[in-house]
Every structure is written in C-alpha cells, then in structure tokens.
Amino acid sequence: MTAGFDIAVVGAGIAGASLAAELAAQGAQSVVLIEAEDQPGYHTTGRSAAFWEECYGGPDVVPLTLASGPWLRDNGFLSPRGALYIGREDDAPALDAFMERFEGSGVHIERLDREGLTAHLSGLRPGWVGAVWEPACADIDVSALHQHYLATARKSGVRLVTRAQIVGAERTEAGWILTDAHNERFSARVVANAAGAWADTFAALVGARPKGIQPLRRTVAQLRTDPAPPATLPLVLDIAGRFYFKPESGRLWLSPHDEEPSPPCDAAPEALAVAEAIARFETVVDWRVAAVERKWAGLRSFAPDRLPVYGYDPAVEGLFWFAGQGGFGIQTAPAAARLAAQLLLDLPRDAMTAELDAGLYDPARF
Ligand SMILES: Cc1cc2nc3c(=O)[nH]c(=O)nc-3n(C[C@H](O)[C@H](O)[C@H](O)COP(=O)(O)OP(=O)(O)OC[C@H]3O[C@@H](n4cnc5c(N)ncnc54)[C@H](O)[C@@H]3O)c2cc1C
C-alpha cells in the first residue's frame, strides 16, 4: 500500500524537522517526515558544538544567523556565552581582515589587545597578543530546539516515520513514489531533500544532478582540565582556524577545527585529531589536561561555495533542496526553515525572512 502525502521531507535532523514544522505552520496540507535512523538527530544534529555565533559561516550566512537570533532568544533556546577569536603576533593582519570582512554585516565585534584578552581568559600563555570579541555569541540548547520542531510538526499533523531509509524513487505524472528499505511506499507531489551528508546521494536517487555537497568530518573531545574551565569562559576560537574550545558543565569541549573529507557515514573520531587538538590547546593556556572523558565526530556538509542550498531543483520537477547547512545548520534553522517553507509553498516573506536574499542559496547557481 502507498501512503499519500502532498510533501515528503527526507531526513529528520534539524533541517528536516524545522522545515516540516514550518511547512505545517504555513498551511501545507499533508506532510510526511521520513528518517532512516531509529532516532531523528542521530547524525550531525546530535553531534554539534551547540553555539550561535554571529560570524560563523561568513558574511553571506550572517543574515540567516541574525534573522534566527531573536526567535531563538525569545523562545529560551540561547544562553549568553560570548566568543573570542584569538591571535598571535603574526595573526594581527588576520584579526584586522576579520574585522573588515564583517564590517556593515550587522554583527557586533570589537578588537581587543592582550590586556582585554586576559580579562576573558585566565592562564593565557605568552605570544597571544590580540583578539576579536563577539559579545552576542550564545550556547544553543540543540536538543530542545530539535525536539521543539519535531513536537510542533507532530502537533500540526505531520507524520514522522523513522527506520525508513528511502532507497527507491519513481516519478509519475502525479508526483513521486518513494520506497524505503522495508518496501513501504510514500507518494508525494514534492520531495524535500533534507538528507544532510546524504544530500547528493539522495539527489542521485531521484535523478537530479548532485551539487557537489561534500561531508567534512569534525571532531570534538570533552576534557577534564585543571583548573576546570570557568562557567563564564567564552567560546575561544583560533583566528588561524586550528582549534576552538568552550566550557560545558565544568568540562571543556575542544575541537581541532578539522575538516576531513568523508563519504556520508556514521562518523567516528580519530585519536590523532584529538591528540592534535590537545597539543594546540596546550599552546594557549597553562591548564593541565587531566582526562579525555568523551570524544565524537560528525559530518558538516558543504556545497562548493560553502553556502547552503535552498530551493527547487532547476531541472527535476518536484524536487526541493534543503541541504548544505555546513557548520551553521542549528544557529540558522529558524530563519532558514521559514524561508524554505515560503519558497516551497510559493508564499510571501514575513518579518523574519523579509531581508534574506534567497538568490544566494538557490540550487540553480551551480
Ligand atoms: C562537531 C560539529 C560541531 C557543530 N557545531 C555547530 C554549532 O555550534 N552551531 C551550528 O549551528 N551548527 C553546528 N554544526 C553543524 C550542524 O550540526 C549541522 O549543520 C546540522 O546538524 C545539519 O543538520 P541536517 O538535518 O542537515 O543533518 P543531519 O542531522 O545529519 O540529518 C540528516 C538526516 O537525514 C537522514 N537521511 C539521509 N538519507 C536518508 C534517506 N535516504 N532516507 C531517510 N533518511 C535519510 C539521516 O539519517 C539523518 O538523520 C556542527 C556540526 C558538527 C559535526
């Protein structure tokens, strides 16, 4: 038997969950949200470092981040953190270039000297001479946000189907017939590709040209340090892109900022990446690393220009892209999903999305 829907969203990570909830909120008739795993969020969404950082992803992602900020804050998903991009003597031009790159973008950043830097970061080793300070950076409660979207979707009538990896797709006159690995069939007029690291794999399945969306592995380790990181420690990022760290419940989350190309898979951390991260961290502060308590890795998936891909496929009828969320898919989710639902349903913009330039993210650009 084939279950019939107007829209099928494939992938129930933050992308698919937020899109399904927004589609239902904007009046979509019948929506099914289809997830391969037992648990939505098992892949990249469940493995993030959980920050909302105004500059992350570059100036063309800033509008999505800023448009999402007030909604995230008003609904209690953010808590203040602050961010420091730190640099050594040689990095002064990079710190200046960073300030210039974001000028006029609407983010709030200021330049700090070493004295300003040590006010935020105790135990700083010699050699680190300056920083860019971003006070608005916040932690995101990722799990609560994801659950919020899943619950909103369900309450609005969206059907969530898990353990349903789509393995077959056929285009008929009325739309699509999708078949999962257990031979269950779903028909839909429009299919939304929110398959994360599998976005290009899924595109190939429905006969579309892949966009070159490449999964890149990123590693995070949870450390016990002496001293323990103060709860007020900001997110600290290397301006040269070799690490970041932040406190989490008395522990430290540390990443070597790695970007190892990977096929789509259940990503696992490599010991070398963790060792590199610790070696780099030990050049920053004089804290002792007492233990690696936990480590994990996830895939951040980028289009060739590192901008997300939202909109209808230019060549395949009834295929909508919501992919390429890279390292900013959580912090941009509210505005991105609202915009995508409006594009998919051909609805006018609202206050949250009015200023967004959808052309930047259009799949037809490739
Ligand atoms: C270490 C790390 C740190 C990060 N930190 C941050 C951060 O601080 N802030 C931020 O905003 N972002 C961060 N990100 C990025 C963010 O996590 C991603 O942009 C976001 O989770 C992507 O969501 P998604 O729904 O596209 O992907 P996923 O969560 O991977 O969801 C895609 C889903 O599609 C399903 N799927 C695939 N193919 C099929 C199929 N054929 N049939 C059915 N289902 C299918 C998969 O099972 C998967 O569950 C980080 C990522 C990593 C790895």
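Which of the 37 residues around the ligand come nearest? They are Glu35, Thr45, Phe51, Gly326 and Gln331. This briefing concerns a predicted model, and it considers first the ligand and its surroundings, then the cysteines.

**Where the ligand sits**
- The ligand takes up the space of the largest pocket.
- Helix H1 (14-25), strand S13 (214-226) and strand S18 (288-302) each provide at least two residues of the shell around the ligand.
- Strand S18 gives the largest share of that shell, namely three residues.

**Polar contacts with the protein backbone**
- A polar backbone atom of Gln331 lies 2.7 Å from an oxygen atom of the ligand, and Gln331 is also among the residues that come nearest to the ligand.
- For Gly329, the distance between a backbone N or O atom and an oxygen atom of the ligand is 3.0 Å.
- In Gln325, a polar backbone atom is found 3.4 Å from an oxygen atom of the ligand.
- The ligand taken alone exposes 1,000 Å², of which the protein buries 97%.

**Cysteines**
- The number of disulfides is zero, where a disulfide requires a pair of cysteine sulfur atoms within 2.5 Å.
- Cys137 forms no such bond because the closest cysteine sulfur, in Cys55, is 9.3 Å from its own sulfur, which is too far.
- Cys137 has a relative accessibility of 1% and therefore counts as buried.
- Cys265, by contrast, has a relative accessible area of 29% and so is partly exposed.
- The limits behind these two descriptions are under 20% for buried and over 50% for exposed, with partly exposed in between.

Key. Residues are numbered from 1 along each chain as its sequence is written. This is a predicted model: local features need pLDDT of at least 70, side-chain atom pairs count only at pLDDT 80 or more; totals for chains, interfaces and linings use all residues. Side-chain values use heavy atoms; hydrogens and water are left out. Buried means under 20% relative accessible area, exposed over 50%, partly exposed in between (1.4 Å probe, protein chains only). A residue is near a molecule or strand if one of its heavy atoms lies within 4 Å of it. A polar contact is a pair of N or O atoms within 3.5 Å; within protein, one must be able to donate a hydrogen and the other to accept it, and residues adjacent in sequence count only if both atoms are side-chain atoms. Accessible areas come from the Shrake-Rupley method with a 1.4 Å probe; for residues, only the protein chains shown count as cover. On a 1 Å grid over the protein atoms alone, a cavity is a set of points where a 1.4 Å probe fits but cannot get out, and a pocket is an open set with protein on both sides within 12 Å along at least five of seven lines; lining residues have an atom within 4 Å of a point. A molecule sits in a cavity or pocket if more than half of its atoms lie within 2 Å of its grid points. Helices (H or I, at least four residues) and strands (E, at least two) are DSSP runs, numbered from the N terminus.
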